[in-house]
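Reader: I have just opened my first model and would love some help with the words people use for it. Could we look at it together?

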Amino acid sequence: IEHAEDVCGPGLGIDILDGISALGDQGLLRRIESTGQSRFLMLETIREFAVECLAAGGEEEAVRSRHARAYLGFAEAAAPMFTRRDVRSWLDLSETDHDNLRAAFAWAIERQEGEVAQRLSGALWRFWQMRGHLREGREKVDAALRLPGGTPSSELAAREAAGGLAYWQADMRAAEVHYLIALDLARQTGDPALIANAIYNISSPRAARIGVDEVMAMLDEGLALAESLGDRALIGRLHWGRGGVHYLSEIPEQENPEAALVEYGLAAEYLAGTDEIFDIGWTERMLASVLLGLRRAEEAEVHLRQGLRMFVEAGDLSALPLHVADFVQLALARDQFDRAIVLAGAASALQTYSETRLLDLVVNDVKGLERAIDGVGRERAEKLAAEGQALSVDQILDRIATDE
């Protein structure tokens, strides 16, 4: 109803609720309950006729403009909630309104409204990431960045979105390009929080290519800015970034799991008590991953299950492939070969379903899995992997919930 009021605008001549009720009484609108709200649907044929009436009356452009701006407002209200404790309800709302959000974006592209398209990109990218719309999101952000009329603020939001979506598809070179531009735009604002966050973003793709010292110097700058603000969540995020530099480098001699464990521990301390459930969940997952590498499986499992619980409750699809891959490593540490191979197949399927590419996972590429394949025999291993690939998300979670 609130969105209907925003879209219809002033001067309608009737009360919005009365108008909706009248349309319902005549069978032109259908009321449903969705995500705890009353929503209203039209049959497609009736909607097409209504759009024709809008165009004939010369009102279509004004209504589409109000619609786009109403859903831009919704998206920007949702954006900060995608990483917080109430994330699932906001993701579900965004999924329910996805076609309205698509329509708003299409209008912005069609009308060359660069600022609107870029702000929508910045607001929606976490939703696209978490709910398996990564390809669609990258296409939209790329289109938004080609438009004229953006502002430094809207471009900063869109560059962060473009970098984040590229990162989640393991396109680190593209992520680095977008994040470098975002860092430059953030520095132009002089806002310490924006600068520190941009430094955090660039740290992972930079660490994959250059030396630890240069990236750590950047993170030290960001950490000093965050500490000056007293922002515990931002401080925690930057310690997480430092942990990533020690642990996620593509250069083996730069890896230092013990140092990473210290940094992730500090991240957990600073994030504790904040509402940033996304960062807390990923910190739990990284603590588990490092501990698995250090052969401390029992400690790792505690963190791994805590992190997984948070992401399942959030309905975040993008987190699941990496978590399931960690359960593969846990099974291997316990010589549970059948379980490891089934879960490896499940992780591969989840990556396809979620559109993430951070885990380019096939059954023979999982670290240590060859030992399990040799243990059960290749023919049986292929059947077990196929079994895992056929599992639904709920079935995968049921398998993980047991120890066998």
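Reader: At what angle do helix 11 and helix 13 pack, and how far apart are their axes?

Author: Happy to help! This is a predicted model. In it, helix 11 (residues 192–207) and helix 13 (residues 232–247) pack at an angle of about 15°, and their axes are 9 Å apart.

Reader: Why is helix 11 called roughly parallel to helix 13?

Author: Angles under 35 degrees count as roughly parallel. The angle here is about 15°, so helix 11 is roughly parallel to helix 13. Their crossing is left-handed.

Reader: Which residues make the contact?

Author: Helix 11 brings Ala193, Ala196, Asn197, Tyr200, Ser203 and Ala207, while helix 13 brings Leu234, Arg237, Leu238, Trp240, Gly241 and Val245. Sorted by class, that contact has 8 nonpolar, 3 polar and 1 charged residues.

Reader: What makes the phi of glutamine 112 worth a look?

Author: Most residues other than glycine have a negative phi. Glutamine 112 is not a glycine, yet its phi is positive, at about 60°. You will find glutamine 112 in the loop between helix 6 (98–110) and helix 7 (114–130).

Reader: Why is glutamine 112 called partly exposed?

Author: Buried means under 20% relative accessible area and exposed means over 50%, with partly exposed in between. Glutamine 112 has 44%, so it is partly exposed.

Reader: And where is alanine 170, and what is its phi?

Author: Alanine 170 sits in the loop between helix 9 (152–168) and helix 10 (172–189). Alanine 170 has a positive phi of about 60°, although it is not a glycine.

Reader: How do you know whether alanine 170 is buried, exposed or partly exposed?

Author: Use those cut-offs of 20% and 50% again. The relative accessibility of alanine 170 is 33%, so alanine 170 counts as partly exposed.

Definitions and conventions: Residues are numbered from 1 along each chain as its sequence is written. This is a predicted model: local features need pLDDT of at least 70, side-chain atom pairs count only at pLDDT 80 or more; totals for chains, interfaces and linings use all residues. Side-chain values use heavy atoms; hydrogens and water are left out. Axes are lines fitted to C-alpha atoms, for helices over the stretch in contact, and angles run from 0 to 180 degrees between N-to-C directions. Helices (H or I, at least four residues) and strands (E, at least two) are DSSP runs, numbered from the N terminus. Angles under 35 degrees count as roughly parallel, over 145 as roughly antiparallel, 65 to 115 as roughly perpendicular and the rest as oblique. A crossing is left-handed if the near helix is turned anticlockwise from the far one by less than a right angle, and right-handed if clockwise. Contact means heavy atoms within 4.5 Å. Ala, Val, Leu, Ile, Met, Phe, Trp, Tyr, Cys and Pro count as nonpolar, Asp, Glu, Lys and Arg as charged, and the others, Gly among them, as polar. Buried means under 20% relative accessible area, exposed over 50%, partly exposed in between (1.4 Å probe, protein chains only).
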